[in-house]
Amino acid sequence: MSNPFIQIVEPLDPKQPLKKFFNLSKLEDVRYARLPFSIRVLLEAAIRNCDEFLVKKGDVENILNWKVMQHKNVEVPFKPARVILQDFTGVPAVVDFAAMRDAVKKLGGDPEKINPICPADLVIDHSIQVDFNRQSDSLQKNQDLEFERNKERFEFLKWGSQAFKNLRIIPPGSGIIHQVNLEYLARVVMDQDGYYYPDSVVGTDSHTTMIDGLGVLGWGVGGIEAEAVMLGQPISMVLPEVVGYKLVGNPQQLVTSTDIVLTITKHLRQVGVVGKFVEFFGPGVAQLSIADRATIANMCPEYGATAAYFPVDDISIGYLIQTGRDKEKVMCAKRYLEAVGMLRDFKNSSQDPDFTQVVELDLHTVVPCCSGPKRPQDKVAVSDMKKDFETCLGAKQGFKGFQIAPDRHNSIVKFNFEGCDFELAHGSVVIAAITSCTNTSNPSVMLGAGLLAKKAVEAGLTVKPYIKTSLSPGSGVVTYYLRESGVMPYLSQLGFDVVGYGCMTCIGNSGPLPESVVEAITQGDLVAVGVLSGNRNFEGRVHPNTRANYLASPPLVIAYAIAGTVRIDFEKEPLGINASGKKIFLKDIWPTRNEIQAVERQFVIPGMFKEVYEKIETVNKAWNALDAPSDKLYTWNPKSTYIKSPPFFDGLTLALQTPKTIEDAYVLLSFGDSVTTDHISPAGNIARNSPAARYLTSRGLTPREFNSYGSRRGNDAVMARGTFANIRLVNKFIDKQGPQTIHFPSGEVLDVFDAAERYMQAGHPLIVLAGKEYGAGSSRDWAAKGPFLLGVKAVLAESYERIHRSNLVGMGVIPLQYLPGEDAGTLGLTGRERYTIIIPEKLKPQMNVQIKLDTGKTFHAIMRFDTDVELTYFHNGGILNYMIRKMAS
């Protein structure tokens, strides 16, 4: 290669003579020294995997001129070192791979070409539910029920691990994908194929960004895009803007990393970072542990950025050793990073890169807080929680309102639970869950919760027995250090027994509430509350009966569980009164950072990480006993309601079909802002009166066998019927929440699937209208696959969340965006018109297209195919069609 910025350098480690590396830095080159560290990793990966493309076009030189090029739409082909999947998104990916093998064979190609090229790890963590809690055997009972419900899915995944090379399965019960990645799978520096190079990863879960806290560049992509990456296709992306987030100062003693991340989430939502990288710098970063950084990086999808990167520093190196990685390999990795200018000293301002924009946060200004009641970015200081909730009660229905009539604000419903009388009111806590990858990966907040529980029990405080309490650690390591530090018995006394190792309540697998509690909530039309240490609280996600849900640190989850309500001012009102009549305030039992750090230093040690992870792939006996077929082509079972060959490739030919103008399309649904992927494709309960329930009943299943939408993502018949099935869906055509719409030819109000089916039978194409941030939230590919199967040809929105736009592109659904300053209101669109979208013969990225209405009105919108590669996918009808044609030919 002739480019002067690419040099092969001889080995750093004399014991490994084959290990070489690219030296992109030419450390004396000022331009490289000004590049953000995240862009250095991106550039290295692009050159290592796609050097001919980059060098031929001279883009290496261009990118080094950072200030000049960051606004010029330079296209970068990025091939990550690894792919990581979880089972909710992994099952449909393996289903697609199996179906693609069938399609390639039909087209005369070699089906075994459909095989992961880069390493892929699939962690099963989304299937377990909180069916049992507050029992010493809750964990075993929940795991047994998980296998009973999901045996067919697990057998299918085990088949996939045998049928495909480079696909490793981490069995259920091992932990949450991102914590397992942080503690075990991540390398930071890869030493493969004779080279050292930076670790990088994309994952089929939006919180893949958590690994950015360790200095591994990673982000979530749709399952469709991940499949293409696994098959060797680079991610074509426009060189992103990088916002520098400067941290200064020291956190106050009572502040947790959760408080910091909720503060940052609100701040960056206000700044506006959708589609951008955020890179953290400044002396305040050095005050944060890797677990703290990972917590901040984990919430990246909630503030909308693509990545939230903390460059590798000495604290990162120390974490690798602390978590049991091979010390000799870690030190070689450090030498490599030093040699290529990728080891950061946050206290050295001369290393600060040039950023597109710089924003700053003084950590000392952060106060204890929560977020809610319906969105992660709606931060509320704990001192304001009572007042804020009471304001929300009467406010107009919306993100911060429930529209409860003033005379009902103090309604009380009495009920009986296990022979005792209790009362519920607006604001009563009925779910309190220490859950999710966001916080359970962080020893400081987990040990903080344990110490608070210890002090609470010693002070004589309890949690009301009807509150559904649970503890679902992110890995076995968490249980290990909670047990060794002596706090586990106190957590159990308050009801926070270990219920499973998985996402659980955070993704809506919260299980049932007691019937008497549900009856009381329904009788009083109460705004009951869930408090969880998770990362998302969108409507209808956590539980159908908790209309308000607050994100909080694990210690605060316990505090609100003890209080039993969010209508409490912790500074003025006691958590409770003990048996001797003493009032106990939160400040009496809250542990300080110094207390927590002392326990962490003593009990979070390398030995426990080694002990847990050296047996992670073999410890689950139920998984080991599963019998899976060994054929390279999957034998589909027509009776299965879990695994079904999808119709995406039916009728696929080698010849391309020219994209056609969409004529006289009806609007299936009309939305406002912040419609999430949970609204589009829910993961939780299958309602008994839904189209999906009717389908499953017709197949002979009873309601207790329905399981969840998330568990049935391998069956397109269920998932198509579950599209737009969220009970909290707000469709402008309907005057109440619910998964219904108007079928305009007949004027009937129908379930969304039933309306779409009628349109399809009549040959009518469909579109969806939406506002800002369409597709926020999870990376679930079914939020694009489902609308595709309903006959949706295009979405017209004010703006898109990055991953969902990518998923729409992957399925061949056109993402259209209003011109700046325009929206449905300014254009006078009601959604009752019929839309003709003119598709020109010659397409180019982000071109304007004409839209004609049957009213005679004409306007233009931006076709959000952002790169030439995305246009290639569109011409093929989607990424997977493109890959099949490529492999078959």
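1. Leaving aside its neighbours within four places in sequence, which residues is Met342 in contact with? In this predicted model, the partners are Tyr32, Phe37, Arg40, Val41, Glu44, Pro198, Val312 and Leu337. That list is a friendly place to start looking around.

2. To find Met342, go to the loop that runs between helix 13 (327-339) and strand 15 (357-362). Met342 counts as buried because its relative accessibility is 5%, and buried means under 20%. Ser38 makes a nice companion to look up: Met342 and Ser38 are 304 residues apart in sequence, yet their C-alpha atoms are 9.3 Å apart in space.

3. Next, have a look at helix 7, residues 177-185, which is mostly covered. Of its nine residues, eight are buried. These are Ile177, His178, Gln179, Val180, Asn181, Leu182, Glu183 and Leu185.

4. Further along the chain, you will meet a barrel closed by seven strands, in the order 26-29-30-31-34-33-32, with mixed pairing. On average, neighbouring strands of this sheet are turned by 40° against each other, direction ignored.

5. One pair in the barrel can be followed residue by residue. Strand 29 (residues 766-769) pairs with strand 30 (residues 792-797) in the parallel sense, over four bridges. Here Leu769 stands opposite Leu796 of strand 30.

6. Finally, a helix joins the picture: helix 28 (residues 752-761) packs on the sheet and touches both strand 26 (662-670) and strand 29. The direction of helix 28 makes about 170° with that of strand 26.

Methods. Residues numbered from 1 in each chain as written. Predicted model: local features only at pLDDT ≥ 70, side-chain atom pairs only at ≥ 80, totals over all residues. Heavy atoms only, no water. Helix = DSSP H or I, 4+ residues; strand = E, 2+ residues; numbered from the N terminus. Buried < 20%, exposed > 50% of the residue type's maximum accessible area, 1.4 Å probe, protein only. Contact = heavy atoms within 4.5 Å. Pairing = 2+ DSSP bridges. Axes fitted to C-alpha atoms, helices over the stretch in contact; angles between N-to-C directions.
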